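Student: I've just opened this one and don't know where to begin. Could you walk me through it, starting with a single residue?

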Amino acid sequence: MSARLEVADIFRRHGEAYRQVNIGHLGRVERRSMSAIELCRTAELGGHVEGCRSCGAIRVAYNSCRNRHCPKCQGQACRDWLAARQDELLPVAYFHVVFTLPAAIAAIAFQNKAAVYTILFKAAAETLRTIAADSRHLGAEIGLIAVLHSWGQTLTYHPHIHCIVPGGGLSPDGTRWISCRPGFFLPVRVLSRLFRRRFLEELRAAHDGGRLGFFGDLAHLAKPDAFARLLAEARRREWVVYAKPPFGGPKQVLAYLGRYTHRVAIANSRLISMDDNRVAFRWRDYRHGGKTKIMTLDAHEFIRRFLLHTLPDGFHRIRHYGFLANGHRAARLDLCRRLLASPQQDDLEADAESAAEPLAAAHRCPCCGGRMITLAIWRCGQAPPSSFWNDTS
């Protein structure tokens with residue numbers, strides 16, 4: 001099998017059969033995502049013809065689907081997003097905190113993605129901000145970027161929130177920047193307890209308000225007493241919250257963010273082979289020191305697992321809180337910089353150039369490195385311009 005195997009190849013070969021077998025179980029989002037990935041960067045979506053000013057080389061570039069679940073479309077989206085974050089970085093250490101749902105709650109989340117994901121974001125952000133504001137810990141208003149992931153390394157359903165947090169915040173009166181202790185942000189045990197309580201309170205309110213639906217094996221949870229028993233059991237369990245070691249500097253923060261913000265369930269680079277009805281891919285076993293292993297799945301099971309992680313229409317999987325919240329971000333960041341006595345842009349300009357580098361490379365000639373210009377465009381449903389086609393086939 002070609003080393004350049006893609007999720008799109010798997011969908012093109014096995015997608016139609018999967019649709020037929022699961023005709024009553026695929027929702028609109030899943031069907032649309034499959035179709036978009038199958039058509040991504042093919043002639044059916046249109047494209048353009050480019051020519052090199054220097055050597056005259058010609059190449060055809062097909063349009064991308066821009067579906068947020070497509071592995072091929074996230075690179076450019078990530079670069080654009082990171083470029084917009086350049087002037088929001090502060091000259092402080094950053095921390096990475098992860099909030100994870102236990103299996104019993106994750107099962108409810110799968111049947112109520114929009115409602116439970118919203119609760120997950122709210123509970124995680126409120127937990128960090130509440131503990132950070134407590135004078136016994138940091139005593140400051142913090143900011144954070146929260147990113148939703150719903151997968152594990154083997155594509156199983158595992159909803160969790162990644163939070164990237166500057167190591168410090170504004171004093172309550174807004175006159176000082178308060179830094180956290182070197183190498184330590186907030187106590188994870190305290191975070192875990194408050195996160196569990198806030199999440200379960202919000203989940204009960206959603207149930208009482210009729211905002212949750214239960215089907216199949218979970219149908220019994222529609223009854224208040226059964227749901228109350230589940231919540232009681234969840235309270236007795238320890239919920240997983242962990243903080244990774246801090247990292248510092250704008251370049252490191254951008255690189256780190258790029259690995260999390262625009263990920264999809266599996267990258268094309270992890271795919272190994274597709275033979276008959278089987279798909280093999282690489283995964284890391286973090287329970288055994290991050291050892292790389294190979295998993296082989298039936299093609300339909302691979303597609304099923306991939307589609308577990310589609311998001312509801314209009315749902316935002318990247319959110320900003322505290323002094324990074326959208327409504328007052330610019331003003332609060334300006335205050336943070338003044339209190340930190342740091343120049344706003346000087347330290348970031350070199351990284352801004354490096355982040356923009358891949359964008360410029362996309363318009364360079366693969367033969368001589370010269371500048372490519374657009375010679376012709378065709379839209380979705382139209383045939384490529386025949387005058388160029390023979391030269392590029």
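Student: Leaving aside neighbours within four places in sequence, which residues is serine 33 in contact with?
Tutor: This is a predicted model, and in it serine 33 is in contact with Asn67, His69 and Thr310 once the neighbours within four places in sequence are left aside.

Student: Which of its contacts are polar, side chain to side chain?
Tutor: The side chains of serine 33 and histidine 69 are joined by a polar contact of 3.2 Å. In addition, a polar atom of the serine 33 side chain lies 2.8 Å from the backbone oxygen of valine 29.

Student: And where is serine 33, and is it buried or exposed?
Tutor: Serine 33 belongs to helix α2, which covers residues 28-39, and it counts as buried because its relative accessibility is 2%, where the cut-off for buried is under 20%.

Student: Okay, new topic: how many aromatic pairs are there?
Tutor: The count comes to 12 aromatic pairs. One of them is phenylalanine 110 with tyrosine 157, whose ring centres are 5.2 Å apart and whose planes stand at 70°, so the pair is edge-to-face.

Student: What does that pair tie together?
Tutor: Phenylalanine 110 lies in helix α4 (residues 103-111) and tyrosine 157 in strand β5 (residues 157-166), so the pair ties together parts that are 47 residues apart in sequence. Phenylalanine 110 is partly exposed, with a relative accessible area of 36%, whereas tyrosine 157 counts as buried at 18% relative accessibility.

Student: Which rings are linked into a cluster?
Tutor: Ring pairs link Phe99, Phe195, Phe199 and Trp239 into a cluster.

Student: What about charges, which rings have a charged end sitting over them?
Tutor: The charged end of arginine 85 sits over the ring of tryptophan 81, at 4.8 Å from the ring centre, and that of arginine 319 sits over the ring of phenylalanine 121, at 4.4 Å from the centre.

Student: Switching to strands, how do β9 and β10 run?
Tutor: Strand β9 (residues 271-275) and strand β10 (residues 278-285) run antiparallel and are joined by 4 bridges; for example, leucine 271 has phenylalanine 281 in β10 as its bridge partner.

Student: What lies between them?
Tutor: The two strands form a hairpin with 2 residues between them, and aspartate 276 in the turn has a positive phi of about 55°.

Student: Last one, how many helices and strands does the chain have?
Tutor: The chain has 12 helices and 13 strands, and buried residues make up 49% of its 393 residues.

How values were computed:
Residues numbered from 1 in each chain as written. Predicted model: local features only at pLDDT ≥ 70, side-chain atom pairs only at ≥ 80, totals over all residues. Heavy atoms only, no water. Buried < 20%, exposed > 50% of the residue type's maximum accessible area, 1.4 Å probe, protein only. Pairing = 2+ DSSP bridges. Phe/Tyr/Trp six-rings, centres within 6.5 Å; stacked < 30°, edge-to-face > 60°. Lys NZ or Arg CZ within 6 Å of the ring centre and 35° of its normal. Polar contact = N/O pair within 3.5 Å; in protein donor to acceptor, adjacent residues only side chain to side chain. Contact = heavy atoms within 4.5 Å.
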